[in-house]
Amino acid sequence: KDEKVLLNFVCVIYWCFRPQYYIKMEYIAPVPSAPGIILCCDCGAQIHPNPTNRCIACIRTRNDISEGIPKQGNLYFCRGCERYLDPPASWVVAALESKELLRLCLKKIKGLNKVRLVDAGFAWTEPHSKRVKVKIAVQKEIQAGAVLQQEFIVEFVVVGQMCDDCHRVEAKDYWGAVVQVRQKTDHKRTFYYLEQLMLKHRAHEKTLGIKPAHEGLDFYYTNEQGARQLVDFLMSVVPCRWTHSKKLISHDIHSNSYNYKFTFSVEIVTVCKDSVVCLPSKLAHQLGGIGQICVVHRVTNHIGLIDPSTAQLAEVSSTVFWRTPFNSLCTSKKLTEFVVMDTNAADVKRFSGQGPISKKHQVAEVWVQRASELGSDNVIFCRTHLGHILNPGDSVLGFDLRLSNVNDTNIDKINPDLVPDVILVKKIYADKATRNRRRRWRLKHLGLDDDAHSQNKDYTDFLEDLEEDPQYRTNVNIYRDVTKMASDDCESEAGEIPQVSLEEMLDDLHIGDSPTGGEAAEMMQ
Amino acid sequence: MAIRCQFEGSNEIGVFAKLTNAYCLTGIGASANFYSIFEEQLSDTIPVVFTSIAGCRIIGTMVTGNRHGLLVPSTTTDTELQLLRDHLPDKVKVQRIEERLSALGNVVVCNDYVALVHPDIDRETEETIHDVLQVEVFRHTVANNVLVGSYAVLSNQGGIVHPATPTQEQDELSMLLQVPLVAGTVNRGSNALAAGLLVNDWAAFCGMDTTATELNVIESIFKINDAPQSAISTTMRKALIDSMT
């Protein structure tokens, strides 16, 4: 029994301390199998298998993927402005070994679209050797599944060629088209108006330059289109007519291309505001039976006439004018000053079929005396359309027909009895100095090299026109004159003189040194 | 010495002929050039039979066999079968088998002792191969290709496999097949070895495009040695080397 117990005991001990066997199952990751070695089928060298089963050297001898790509090229460089030619016609600035130059070189290499470009860069060359070397790596598929990559060098020779701009500078040939604007009068008020129009509509943006010429201006452009745009603009804002011509500068026989200089000649009508005209009788009938002697009271893209004896309005468009042209009997420079003695409202005969009558004017019968003869007995009777603004004692500018020698075929045909002695054109509100002082606004200019603007009588006449006629102002940008804002003596004679109201003036944008102080502070007050 | 030839201008001679140690089958070509080459080399020792299988000339892809037997696909006509039975020696058993993968030449590669088959062939076919050809059958792929008959060529001396076969697989196959193996190409870098190569224990034929390097590999692995070469080392040696003593 003891033996059994002992045996059991030993068995129990054994069972507790039995050797433990575990079957460990580990995950053995599949070993990536190394590819075998085969012999190149052409030369017998040992290689790893590839889709062509040849060594690289044998593949290279058979397949040259850079075959269609030229290994030499030309780069055109202008010595004057140090730019490279970017075909077909533009010139770019590029430093040596820059990406712009790399782009140019790659553009010049033909045949790059058949292979895939992998890498491109510059190889070093001597700076003054006039050679540029580009190292290019390309890839191409030679067989299904086999892509070959090859590196090679393309050499560019830098060749000197003068660019077109340098040619022009050398030939002193700067412009390709010119617009010659002329007006055969002795004053320049229309040109000042044109200047303001061009500033407002920005019609002068593409010009190369503007030069004043006798009786007008020349606008220079590089090509014909810019000139045509300006001519179209002018036709739409002032009554004018134009012609054009071209001059052959050079002719390339092989490509049949012709190089011209274009000239547009624009002629503005000779009549302008405040001139007295005599219409041919036929035109006067067509315009609604207006009298033959008229005053031009506005010139925009058509001529606005007013008959002083009936205050009848007529508009003559540009085409009508050039068909039946008429001259001015006098211009604003030849007006003489008169003083109004007495005014009476006049009743005017109206007939059917008459043209439009002005509502802003009133016909009056006035007795005037020449300012030079003031105090004498010589008073002259005349009918005028300025009845709404004339009072006894006012100064008026008018045209003295009896004392002047007028050379006009139309007026010779009129019955001398029907020709008036004096035609009153415009009222003088104050002398020039006073009006200049009172002016609180100013205009911008195109920056022409011209004689001094502000003292010019024509210029001040133009400014007075702007003040008097609100409709004339619509096409002009008027800016506040900050220097004159501070002075504030508007009590005396404020009502009489026509002013430009503050709302119409534009605030000028000054990007000056001190944005918060100085002028801006004044403006804010 | 391995011989280069062409079947009507095509270098893929392996598809138009079948070569074993006991017989040679060729397809019927337009001219006698092809089989005259075989006749010249082989007709002393083994019969060279020109035939078609199912009316096709591509008999190399359609049949498989060794010196014990020949297996033909189910599309073989009775006439062709009879012709084969008549021309082949009696100890070569000819058997027609029903198999979905009927291009037996692409599906089975064998020598006289062992065969590698497509992993997907029927169980019955495998047994038939074992019985008729008296070989041990192994299902395996060669370089991840299931068409073992195209990408491996086997003789009793050695074998060539697809060039992309990894070393480990080559060792594995070599152990299975009990012959030395090498990875190589034929017909100037072509991967389809069985299409360009016909081999038995003493002769080898390959396509005209085979390069000298490939030919060297073939000759060394299949131990195709020229008789004149061995003559140099034995009988002619005495004459060439003057006695120094």
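How many bridges join E22(A) to strand E23 of chain A? There are six, and the two strands run antiparallel. That pairing comes from a predicted model, and the paragraphs below start from it before turning to the rest of chain A and then to chain B.

Strand E22 covers residues 395-400 of chain A, while its partner E23 takes in residues 422-428. A good way to picture the pairing is to pick out one pair of residues: Gly398(A) has Leu424(A) in E23(A) as its bridge partner. E22(A) also pairs with strand E19, made up of residues 336-345 of chain A. Here four bridges do the joining, and again the strands run antiparallel. One of the residues involved is Val339(A), whose bridge partner in E22(A) is Ser395(A). As for cover, five of the six residues of E22(A) are buried, so the strand is largely enclosed by the rest of the structure.

Chain A as a whole has 14 helices and 25 strands. Its sequence runs to 525 residues, and 41% of them count as buried. If we look at contacts in chain A with a separation of 6 or more, 62% are between residues 24 or more positions apart. The chain exposes about 31100 Å², with carbon and sulfur atoms supplying 53% of that area.

Next come the nonpolar cores. The largest one holds 56 residues, and the members that touch the most others are Val179(A), Leu279(A) and Leu305(A). Take Leu279(A): leaving out residues up to four places away in sequence, its contacts are Ala284(A), Leu287(A), Ile290(A), Gly291(A), Gln292(A), Cys294(A), Leu305(A), Phe326(A) and Asn410(A). Another core, of 21 residues, lies apart from this one, and its members include Leu104(A), Cys105(A), Val115(A) and Val138(A).

For a look at a loop in chain A, there is Ala95(A), which sits between strand E5 (90-92) and helix H3 (99-108). Its relative accessibility is 47%, so Ala95(A) counts as partly exposed. Measuring along the sequence, Ala95(A) and Glu82(A) are 13 residues apart, and their C-alpha atoms are 9.3 Å apart in space.

Now for chain B. Its secondary structure comes to eleven helices and 15 strands. Of its 245 residues, 55% are buried. Among its contacts with a separation of 6 or more, 59% join residues 24 or more positions apart. Its accessible surface comes to about 11100 Å², and 50% of this belongs to carbon and sulfur atoms.

Strand E3 of chain B makes a handy starting point. On one side of E3(B) are Cys24(B) and Thr26(B), on the other Leu25(B) and Gly27(B); all of these are buried, so to speak of a covered face is to speak of both. E3(B) runs antiparallel to E2(B), with three bridges between them. Within this pair, Lys18(B) stands opposite Leu25(B), and a hairpin of four residues links the two strands. With E4(B), however, E3(B) pairs in the parallel sense, over four bridges. There, Cys24(B) stands opposite Val48(B). To get from E3(B) to E4(B), the chain passes through H1(B), and this β-α-β crossover is right-handed.

What does H1(B) itself look like? Helix H1 spans residues 33-42 of chain B, and its buried residues are Phe34(B), Tyr35(B), Phe38(B) and Leu42(B). Viewed down the helix axis, these buried residues fall within an arc of 80°, so they line one face of H1(B). A general point helps here: an α-helix has 3.6 residues a turn, so residues three or four places apart point the same way. The other side of H1(B) has Asn33(B) and Glu40(B), which are exposed. The cover over the buried residues of H1(B) includes the strands just met, E2, E3 and E4 of chain B, along with E1 (3-5), E14 (197-199) and E15 (204-207).

Last comes another loop residue, Asn156(B), placed between strand E11 (152-154) and strand E12 (159-161) of chain B. Buried means under 20% relative accessible area, so Asn156(B), at 19%, counts as buried. Apart from neighbours within four places in sequence, Asn156(B) is in contact with Asn21(B), Asn111(B), Asp112(B), Tyr113(B), Val179(B) and Asp201(B). Of these contacts, Tyr113(B) is 43 residues from Asn156(B) in sequence, with 7.7 Å between their C-alpha atoms.

Key
Residues are numbered from 1 along each chain as its sequence is written. Chains are lettered from A and ligands numbered from 1 in the order in which they are written. This is a predicted model: local features need pLDDT of at least 70, side-chain atom pairs count only at pLDDT 80 or more; totals for chains, interfaces and linings use all residues. Side-chain values use heavy atoms; hydrogens and water are left out. Buried means under 20% relative accessible area, exposed over 50%, partly exposed in between (1.4 Å probe, protein chains only). The arc is that of the directions from the helix axis to the C-beta atoms. Contact means heavy atoms within 4.5 Å. A nonpolar core is a set of buried Ala, Val, Leu, Ile, Met, Phe, Trp, Tyr and Cys residues joined through side-chain atoms within 4.5 Å. Two strands pair if DSSP finds at least two bridges between them. A crossover is right-handed if, with the strands pointing away from the viewer, the path from the first strand over the helix to the second runs clockwise. Accessible areas come from the Shrake-Rupley method with a 1.4 Å probe; for residues, only the protein chains shown count as cover.
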